[in-house]
Amino acid sequence: MRALIVCTNHTDYKTKPEKTGLWLSELTHFYDELSDKEIPYDIVSPKGGRVPIDARSLKRKDNTNDKWYPNPVLKAKLENSLKPEEVNAGHYQLIYFTGGHGTLWDFPENEPLQQITRQIYEGGGMVAAVCHGVSGLLNVRLSDGSLLIQGRQITGFANVEERLLGLTQEVPFLLEDELRKRNALYRKSLIPFLPYIEVDDRLVTGQNPISARKVGKKVMEEMVEK
């Protein structure tokens with residue numbers, strides 16, 4: 001088994017001077033679950049090269065970030081992420097989309113990433129995503145032309161969570177709205193910012209950053225069963 005982890009390259013909000021990027025715990029908490037099985041992984045981003053880290057995610061005390069962020073292998077992969085064109089989808093049994101607000105700009109319309117996702121899924125692999133990273137699934141179409149998420153149980157960053165952060169006017173769209181427009185069976189936690197995941201066969205999604213570990217645990221459970 002080999003995992004492909006997708007991260008954003010985008011850093012700018014519409015007007016805010018602060019920068020966004022990968023929300024680090026959405027990578028480290030997920031991979032912490034995979035690491036026990038010593039599963040090899042690669043990191044890909046829409047443009048390849050350096051993956052920016054949202055500075056806010058580095059300021060929070062997080063033992064898992066402290067464990068993995070200094071890791072030289074992870075550091076190298078974040079500084080030199082693959083371009084989608086360099087990825088052979090046949091080498092992977094799992095693709096995982098990390099979040100960070102930047103994903104709303106550079107994930108949804110990236111056709112090479114959509115093709116990789118389709119190939120992994122139709123090859124019997126798993127597709128997982130968390131928080132804003134679920135935007136990477138919005139426009140993935142299967143070989144029959146249907147949307148991957150249409151009619152599927154799914155979650156992702158909720159409108160109420162975006163409002164509580166005060167960022168509804170800073171992002172290009174609200175993820176919950178776009179998921180519903182594509183007839184995904186969207187669900188969310190009754191209380192914002194609590195861990196919450198949805199599982200629909202080989203599709204696992206998490207609502208917010210704190211859900212990344214639960215996504216990783218569930219992915220491992222499903223992979224072991226299969």
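This report walks through a predicted model of a protein, from its overall build down to a handful of single residues.

**The whole protein**

Let's start with the inventory: the chain folds into nine helices and eight strands. For its 226 residues, a compact globule would be expected to have a radius of gyration near 17 Å, and the protein comes in at 16 Å, which agrees. If you draw a box around the C-alpha atoms along the principal axes, it is roughly 40 × 40 × 30 Å.

What share of the 226 residues counts as buried? It's 58%. The accessible surface is about 10,000 Å², and carbon and sulfur atoms make up 48% of that. As for charge, there are 30 positive and 31 negative side chains, and the centres of those two sets sit 2 Å apart.

The contacts also say something about how the chain is put together. Take the contacts with a separation of 6 or more: 78% of them are between residues 24 or more positions apart.

**Helix H1**

Helix H1 covers residues 24-35, so to speak a run of 12 residues. From its first C-alpha to its last it reaches 16 Å, close to the 16 Å expected at 1.5 Å a residue. Is this helix enclosed or open? Since 12 of its 12 residues are buried, H1 is largely enclosed by the rest of the structure. Among those buried residues are Leu-24, Leu-27, Phe-30 and Leu-34, along with Glu-26, Asp-32 and Glu-33.

**Cys-7, just ahead of H1**

Cys-7 belongs to the loop between strand E1 (3-6) and H1. Its relative accessibility is 0%, so Cys-7 counts as buried. Leaving out residues up to four places away in sequence, Cys-7 touches Leu-22, Ile-43, Val-44, Ser-45, Pro-46, Val-51, Thr-98 and Phe-107. One of these, Ile-43, is 36 residues away along the chain, yet the two C-alpha atoms are separated by 7.0 Å.

**Five residues side by side**

Here is how some single residues compare in accessibility; the cut-offs are under 20% for buried and over 50% for exposed, with partly exposed in between.

| Residue | Relative accessible area | Class |
|---|---|---|
| Cys-131 | 2% | buried |
| Gln-114 | 12% | buried |
| Leu-147 | 12% | buried |
| Phe-193 | 33% | partly exposed |
| Lys-47 | 65% | exposed |

**The loop between E4 and E5**

Two of the residues in the table share a loop. Cys-131 is in the stretch between strand E4 (126-130) and strand E5 (153-154), and Leu-147 lies between E4 and E5 as well. Cys-131 has a positive phi of about 55°, although it is not a glycine.

Leu-147, setting aside residues up to four places away in sequence, touches Leu-138, Asn-139, Val-140, Arg-141 and Arg-182. Its C-alpha is 26 Å from that of Leu-82, a residue 65 positions away in sequence.

Asn-139 and Val-140 turn up again in the contacts of Gln-114, which also include Pro-108 and Glu-109 once neighbours within four places are left aside. Gln-114 itself is part of helix H6 (residues 111-122).

**Lys-47 and Phe-193**

Where does Lys-47 lie? It is in the loop between strand E2 (41-44) and helix H2 (55-59). With a relative accessible area of 65%, Lys-47 is exposed. Beyond its neighbours within four places in sequence, Lys-47 is in contact with Asn-9 and Lys-83. Val-140 is 93 residues from Lys-47 in sequence, and their C-alpha atoms are 18 Å apart.

Phe-193 is found in the loop between strand E6 (185-186) and strand E7 (197-200). Apart from neighbours within four places, its contacts are Phe-157, Glu-161, Leu-164, Leu-165, Asn-208 and Ile-210. Measuring across to H1 in the model, C-alpha to C-alpha, Phe-193 and His-29 are 16 Å apart in space and 164 residues apart in sequence.

**One more backbone detail**

Which phi value does Asn-183 have? Its phi is near 60°, a positive value in a residue other than glycine. Asn-183 sits in the loop between helix H8 (175-181) and E6.

Conventions: Residues are numbered from 1 along each chain as its sequence is written. This is a predicted model: local features need pLDDT of at least 70, side-chain atom pairs count only at pLDDT 80 or more; totals for chains, interfaces and linings use all residues. Side-chain values use heavy atoms; hydrogens and water are left out. Helices (H or I, at least four residues) and strands (E, at least two) are DSSP runs, numbered from the N terminus. The radius of gyration is taken over C-alpha atoms; the globule rule is 2.2 Å times the number of residues to the power 0.38. Buried means under 20% relative accessible area, exposed over 50%, partly exposed in between (1.4 Å probe, protein chains only). Contact means heavy atoms within 4.5 Å. Accessible areas come from the Shrake-Rupley method with a 1.4 Å probe; for residues, only the protein chains shown count as cover. Lys and Arg count as positive and Asp and Glu as negative; His and the chain ends are not counted. The place of a charge is taken as NZ of Lys, CZ of Arg, CG of Asp or CD of Glu. The expected span of a helix is 1.5 Å times one less than its number of residues.
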